[in-house]
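These are my notebook entries on a single structure. I record here what I looked up, entry by entry.

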Amino acid sequence: ADVAPDAACFAVAGPVSDNTVTFTNRNWRIDGYEVESSLGIKKVRLINDFVANGYGLLTLDKVNECVTLQEATPVVGAPIACVGAGTGLGECFS
């Protein structure tokens, strides 16, 4: 018996609005609600790929998975930045 997942989250390279993305460099559009319907998944959410990176930053083991580039005293609750090249200059803050 095939069983569909209850939920899915897809990180996409483009701006997401109302659970829909129109890719910057392609004439493609993905609607998360249409994906729910066509695949029988109860909840599908599309998030920007840099937003996904930001969530990933929050899960890193600072001792075993991070490399310090410049020593500084951490400030509890201060933003964490993620910046990288892509279609443009992607950024997110956690």
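**Charged pairs and their surroundings**

I began with Glu34, which counts as partly exposed because its relative accessibility is 48%. I note that the model is a predicted one.

I then looked for the partner of Glu34. Its side chain meets that of Arg29 in a salt bridge, at 3.9 Å from N to O. I followed Arg29 to a further pairing, a salt bridge with Asp31 in which the closest N and O atoms are 3.4 Å apart. Asp31 has a relative accessibility of 12% and therefore counts as buried, the cut-off for that class being under 20%. Through shared partners, the salt bridges join Arg29, Asp31 and Glu34 into one network.

I next asked how many salt bridges a search of the whole structure finds. The search returns four. I recorded the general principle that side chains of opposite charge can pair when their charged atoms come close.

One of the four is between Asp6 and Lys42, with 3.6 Å between the closest N and O atoms. This pair links distant parts of the chain, as its members are 36 residues apart. Asp6 lies in the segment before strand E1 (7-12), while Lys42 lies in the loop between helix H1 (32-39) and strand E5 (43-48). For exposure I needed the cut-off of over 50%. Asp6 has 53% relative accessibility, so I entered Asp6 as exposed. Lys42 has 68% and is therefore exposed as well.

**Strand E1**

I looked up Ala8, which is found in strand E1. Is Ala8 buried or exposed? I entered Ala8 as buried because its relative accessible area is 17%. Leaving aside residues up to four places away in sequence, I listed the contacts of Ala8 as Ile41, Lys43, Val44 and Arg45. I also checked Ala8 against Val75: the two are 67 residues apart in sequence, and their C-alpha atoms are 33 Å apart in space.

**The loop between E2 and E3**

I turned to backbone angles, with the reminder that most residues other than glycine have a negative phi. Asp18 is in the loop between strand E2 (16-17) and E3, and its phi is positive, near 55 degrees. Asn19 is placed in the loop between E2 and E3; although not a glycine, Asn19 has a positive phi of about 60 degrees.

I then compared the accessibility of these residues. Asp18 is exposed because its relative accessibility is 62%. Asn19, at 7%, is buried by that value, so I entered Asn19 as such.

Thr20 is found in strand E3 (residues 20-22). Its relative accessibility is 13%, and Thr20 therefore counts as buried. Which residues does Thr20 touch, not counting those up to four places away in sequence? I listed Pro15, Arg29, Ile30, Asp31 and Leu46. Among these contacts are Arg29 and Asp31, which belong to the network entered above.

**A nonpolar surface patch**

My last entry concerns the surface. Val51, Tyr55, Leu58 and Ile80 form a nonpolar patch there, and together they have about 370 Å² of accessible area. I located Tyr55 in helix H2 (residues 49-57). With 53% relative accessibility, Tyr55 is entered as exposed, because that value is over the cut-off of 50%.

How values were computed
Residues are numbered from 1 along each chain as its sequence is written. This is a predicted model: local features need pLDDT of at least 70, side-chain atom pairs count only at pLDDT 80 or more; totals for chains, interfaces and linings use all residues. Side-chain values use heavy atoms; hydrogens and water are left out. Helices (H or I, at least four residues) and strands (E, at least two) are DSSP runs, numbered from the N terminus. Buried means under 20% relative accessible area, exposed over 50%, partly exposed in between (1.4 Å probe, protein chains only). Contact means heavy atoms within 4.5 Å. Patches are made of residues with over 30% relative accessible area and no salt bridge: like charges are joined within 9 Å, nonpolar side chains (Val, Leu, Ile, Met, Phe, Trp, Tyr) within 5 Å. Accessible areas come from the Shrake-Rupley method with a 1.4 Å probe; for residues, only the protein chains shown count as cover.
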